[in-house]
Amino acid sequence: MKREYLVLYDYGMGGVWAYLTAENEDQIRERFPQLQVVTERPSWWTTDVEARTRERMTMDVDDESHPFLAALRRGQDA
């Protein structure tokens, strides 16, 4: 059964935060080694930031069509 994970793509000068549904953390790490699974929300993570991230950047680890995940698979900056 899939569950939701908070992930970060750190590109050096900033990062892209997202919620990714997956079977487990290992599945995320195997498919997208450039993503960091975040186990504790940052102190600046407000309910507004969470709501916007959920609305705009929630995806399934198997979603081949999502532009962010497709860019990661191609090895490009997301």
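# Briefing: a predicted three-helix, four-strand model

Glu50 is buried, at a relative accessible area of 18%, because the cut-off for buried is under 20%. The model is predicted. Glu50 belongs to helix α2, one of three helices that accompany four strands. Along the sequence the elements run β-β-α-β-α-β-α.

**Overall shape and surface**

- The protein has a radius of gyration of 12 Å, which agrees with the value near 12 Å for a compact globule of 78 residues.
- Along the principal axes, the C-alpha atoms fill a box of roughly 35 × 30 × 20 Å.
- Of the 78 residues, 40% are buried.
- The exposed surface comes to about 5000 Å², with 46% of it supplied by carbon and sulfur atoms.
- Among contacts with a separation of 6 or more, 50% join residues 24 or more positions apart.

**Nonpolar cores**

- In soluble globular proteins, nonpolar side chains tend to be buried together.
- The largest nonpolar core here holds 16 residues. Val7, Leu20, Ile28, Leu35 and Phe68 touch the most other members.
- Strands β1 (3-10), β2 (15-22) and β3 (35-38) each give two or more residues to this core, as does helix α3 (67-74).
- A second core is separate and has seven residues. Leu6, Trp17, Tyr19 and Val38 are among them.

**Helix α2 and Glu50**

- Helix α2 spans residues 47-56, and its buried residues are Val49, Glu50 and Thr53.
- Seen down the helix axis, these buried residues fall within an arc of 100°, so they line one face of α2.
- The face turned away from that buried side carries Thr47, Glu55 and Arg56, which are exposed.
- The buried residues of α2 pack against β2 and β4 (58-60).
- Beyond residues up to four places away in sequence, Glu50 touches Tyr19, Arg41 and Trp45.
- With Arg41 there is also a polar contact, side chain to side chain, at 3.4 Å from Glu50.
- Val49 sits in α2 as well. Its relative accessible area is 15%, so Val49 is buried.
- Val49 and Asp26 lie 23 residues apart in sequence, and their C-alpha atoms are 26 Å apart in space.

**Helix α1 and Gln27**

- Gln27 is placed in helix α1, residues 25-31.
- Its relative accessibility is 13%, so Gln27 counts as buried.
- Outside its neighbours within four places in sequence, Gln27 is in contact with Ala22, Val61 and Asp62.

**Strand β3 and Val37**

- Val37 is part of strand β3.
- With 11% relative accessibility, Val37 counts as buried.
- Setting aside neighbours within four places in sequence, Val37 is in contact with Tyr5, Leu6, Val7, Glu25, Ile28 and Arg29.
- Of these contacts of Val37, Val7 and Ile28 appear among the residues that touch the most other members of the largest core. Leu6 belongs to the second core.
- Leu20 is 17 residues from Val37 in sequence, with 9.3 Å between the two C-alpha atoms.

**Helix α3 and Arg73**

- The buried residues of α3 are Phe68, Leu69, Ala70, Ala71 and Leu72.
- These buried residues pack against β1, β2, β3 and β4.
- Gly75 follows α3 and has a positive phi, near 80°.
- Arg73 also lies in α3. At 33% relative accessibility, Arg73 counts as partly exposed.
- Not counting residues up to four places away in sequence, Arg73 touches Phe32, Val61, Asp62, Asp63 and Glu64.
- The side chain of Arg73 reaches the backbone oxygen of Val61 at 3.0 Å.
- Val61 and Asp62 are contacts of Arg73, and they are also contacts of Gln27 in α1.
- Between Arg73 and Leu8 the C-alpha distance is 15 Å, across 65 residues of sequence.

Methods. Residues are numbered from 1 along each chain as its sequence is written. This is a predicted model: local features need pLDDT of at least 70, side-chain atom pairs count only at pLDDT 80 or more; totals for chains, interfaces and linings use all residues. Side-chain values use heavy atoms; hydrogens and water are left out. A nonpolar core is a set of buried Ala, Val, Leu, Ile, Met, Phe, Trp, Tyr and Cys residues joined through side-chain atoms within 4.5 Å. Buried means under 20% relative accessible area, exposed over 50%, partly exposed in between (1.4 Å probe, protein chains only). The arc is that of the directions from the helix axis to the C-beta atoms. Contact means heavy atoms within 4.5 Å. The radius of gyration is taken over C-alpha atoms; the globule rule is 2.2 Å times the number of residues to the power 0.38. Accessible areas come from the Shrake-Rupley method with a 1.4 Å probe; for residues, only the protein chains shown count as cover. A polar contact is a pair of N or O atoms within 3.5 Å; within protein, one must be able to donate a hydrogen and the other to accept it, and residues adjacent in sequence count only if both atoms are side-chain atoms.
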